[in-house]
Amino acid sequence: MTSALPYDLIATDLDGTLLRAGDTVSARSRTALATARAAGARHVIVTGRPVPQIRHVLDGLGYTGLAVCGQGAQVYDTARGRLLHSVSLDRELAEVALGKIEAEIGEVYAAVNQEGVHAEMLIGPGYRMWHPHLPTVRVRRRCDLWAAPINKVLLQHPELDDDALTRVARAVVGDLVNVTMAGEHTVELQPPGIDKASGLARAAGILGAAAESTIAFGDMPNDIPMFAWSAHGVAMANAHRELVAVADELTLSNEADGIAVVLERLYG
């Protein structure tokens with residue numbers, strides 16, 4: 001039986017999409033999401049951040065649904081406070097990938113997100129954390145990054161910009177790991193086969209939702225797989241040009257309530 005809803009599942013990225021500056025969600029966006037849920041739609045957060053870095057956002061929203069975290073590596077049951085699924089990145093493979101990248105372009109700075117609900121983000125020498133409000137632990141040596149299981153590596157280069165670093169890393173180690181640009185100063189290495197599409201598909205399966213009834217919102221190239229999986233992809237006005245090129249629709253920026261504008265049209 002076909003649903004009477006425009007879309008049964010609403011998938012939203014966080015940074016640069018649902019969130020405004022300071023990790024806040026506007027009252028208008030909250031109301032638009034509440035209206036969609038009242039109509040019967042489900043909302044799934046799909047973010048590059050691991051679980052520990054979004055818990056404060058989930059609490060502030062009063063969110064009790066599923067959250068796809070860690071760039072698709074984690075599916076988190078917010079209501080129960082537990083991981084339903086988690087994929088780790090082999091640490092030896094991560095070291096090999098870093099070595100191959102550095103052989104091509106010289107030293108890179110690295111950080112890792114450890115695996116788990118209460119895990120830490122470890123920052124290696126030279127790496128600059130551009131979100132100082134998020135908890136991190138700085139380590140003295142790169143080898144200290146591999147102390148516990150991880151779900152991704154974050155890269156920076158002292159000279160190359162994000163686009164160039166992504167291109168080089170993908171060309172050099174794209175056959176070993178998934179390389180993606182998740183935001184400004186955020187180039188990441190993930191387990192092979194893991195991206196936002198794989199995580200969203202897993203969450204949708206748990207909820208009994210289908211790709212053809214899913215609308216997705218995003219702003220960066222790491223959202224491209226999620227757009228390809230979903231029936232309708234909406235890019236924010238502040239989105240990276242690579243995502244805009246594959247989007248079905250362009251809305252206002254995250255600061256101008258771009259998600260709310262679309263949801264009000266569909267569910268208002």
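These questions and answers walk through a predicted model.

Me: Which are the edge strands of the open sheet of six strands?
Reply: The strand order in this open sheet is 8-7-6-9-11-10, and the pairing is mixed. An edge strand pairs on one side only. That description fits strand 8 (137-138) and strand 10 (178-183).

Me: How many bridges join strand 6 to strand 7?
Reply: Strand 6 covers residues 109-114, and strand 7 covers residues 121-123. The two run antiparallel. Val112 stands opposite Leu122 in strand 7. The number of bridges joining these strands is three.

Me: Which helix lies across strand 6, strand 9 and strand 11?
Reply: Helix 5 (residues 162-173) lies across strand 9, strand 10 and strand 11, at about 165 degrees to strand 10. The helix asked for covers residues 91-105 and runs at about 15 degrees to strand 9 (150-156). This is helix 4.

Me: Which helix gives the most to the largest nonpolar core?
Reply: This core has 47 residues. Ile10, Val44, Phe217, Leu263 and Tyr267 touch the most other members. The top contribution is five residues, and it comes from helix 9 (residues 258-267).

Me: What does Ile10 touch, leaving out residues up to four places away in sequence?
Reply: Ile10 is one of the core residues that touch the most other members. Its contacts here are Ala36, Ala41, Arg42, His43, Val44, Ile215, Phe217, Leu263 and Tyr267.

Me: How many residues make up the other core, the one with Ile101 and Leu165?
Reply: This core lies apart from the largest one. Its members include Ala110 and Val153 as well. The count is 23 residues.

Definitions and conventions: Residues numbered from 1 in each chain as written. Predicted model: local features only at pLDDT ≥ 70, side-chain atom pairs only at ≥ 80, totals over all residues. Heavy atoms only, no water. Pairing = 2+ DSSP bridges. Helix = DSSP H or I, 4+ residues; strand = E, 2+ residues; numbered from the N terminus. Contact = heavy atoms within 4.5 Å. Axes fitted to C-alpha atoms, helices over the stretch in contact; angles between N-to-C directions. Core = buried A, V, L, I, M, F, W, Y, C linked by side-chain atoms within 4.5 Å. Buried < 20%, exposed > 50% of the residue type's maximum accessible area, 1.4 Å probe, protein only.
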